[in-house]
Amino acid sequence: MKVYLGIDIGSEEHALHFLDQEGREVQKKLKITNDKQGFSRAAEEIKRLDGTYRDFTLKVGIESTGSYWRNLFSLLNSLDPSGEIEITMINPNRIAQFKKSDLIKTKTDSV
């Protein structure tokens with residue numbers, strides 16, 4: 001099963017959104033602190049999903065906000081030494097420009 005993980009990066013906490021290939025939530029939004037304890041919680045959740053779903057693959061979209069993304073990015077790479085987790089870096093400026101377009105009029109990060 002393909003799981004898509006969107007990560008909204010913040011200075012003190014990150015929001016993780018897990019969706020399946022149909023766009024349904026795999027679990028409720030997970031907020032983690034930007035520290036070792038928060039990263040351990042994210043790693044536990046990813047490992048749990050890997051054990052729950054057959055043929056589990058993970059595609060991650062992560063904002064490259066300041067330097068706050070770096071430690072979480074390293075964690076994701078350490079969870080998958082064979083390189084099967086696909087990570088895409090997303091420029092937060094492009095997200096802001098997309099929200100300003102006529103396509104989306106909502107101001108919330110979760111959208």
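Strand S1 (residues 2-8) and strand S4 (residues 57-63) run parallel to each other, joined over six bridges. Within this pairing, Gly-6 sits opposite Gly-61 of S4. Please keep in mind as you look around that this is a predicted model.

**The sheet and its helix**

Stepping back, S1 and S4 belong to an open sheet of five strands, ordered S3-S2-S1-S4-S5 and mixed in its pairing. Strand S3 (30-33) and S5 are the edge strands; each has a single partner strand, so one side of each has no neighbour in the sheet. From one strand to the next, the twist averages 20°. Helix H2 packs on this sheet and touches S1, strand S2 (13-20), S3, S4 and S5. The direction of H2 makes about 165° with that of S5.

For the protein as a whole, the count is three helices and five strands, and from the N terminus on they follow the pattern β-β-β-α-β-α-β-α. Buried residues account for 32% of the 111 residues. If you take the contacts between residues at least 6 apart in sequence, 49% of them link residues at least 24 apart.

**A residue in strand S3**

Thr-33 is a nice place to zoom in, and it belongs to strand S3. Is Thr-33 buried, partly exposed or exposed? Its relative accessibility is 35%, which lies between the 20% and 50% limits, so Thr-33 counts as partly exposed. Apart from neighbours within four places in sequence, Thr-33 is in contact with Glu-12, Glu-13, Gly-38 and Phe-39. Of these, Glu-12 is 21 residues away in sequence, while the C-alpha atoms of the two residues are 6.0 Å apart in space. The side chain of Thr-33 also reaches two partners that appear in the table below.

**A buried aspartate**

Asp-80 lies in the loop that links helix H2 (70-79) to strand S5 (86-90). What is the nearest side chain of opposite charge to Asp-80, and how far away is it? That side chain is Lys-59, at 11 Å, and Asp-80 is buried yet has no salt bridge. The side chain of Asp-80 does, however, reach the backbone nitrogen of Ile-85.

Here are the side-chain contacts of these two residues side by side:

| Side chain | Partner | Distance |
|---|---|---|
| Thr-33 | side chain of Asp-35 | 2.5 Å |
| Thr-33 | backbone nitrogen of Gly-38 | 3.4 Å |
| Asp-80 | backbone nitrogen of Ile-85 | 2.3 Å |

Technical notes. Residues numbered from 1 in each chain as written. Predicted model: local features only at pLDDT ≥ 70, side-chain atom pairs only at ≥ 80, totals over all residues. Heavy atoms only, no water. Helix = DSSP H or I, 4+ residues; strand = E, 2+ residues; numbered from the N terminus. Buried < 20%, exposed > 50% of the residue type's maximum accessible area, 1.4 Å probe, protein only. Lys, Arg positive; Asp, Glu negative; His and termini not counted. Salt bridge = Lys/Arg side-chain N within 4 Å of Asp/Glu carboxyl O. Polar contact = N/O pair within 3.5 Å; in protein donor to acceptor, adjacent residues only side chain to side chain. Pairing = 2+ DSSP bridges. Axes fitted to C-alpha atoms, helices over the stretch in contact; angles between N-to-C directions. Contact = heavy atoms within 4.5 Å.
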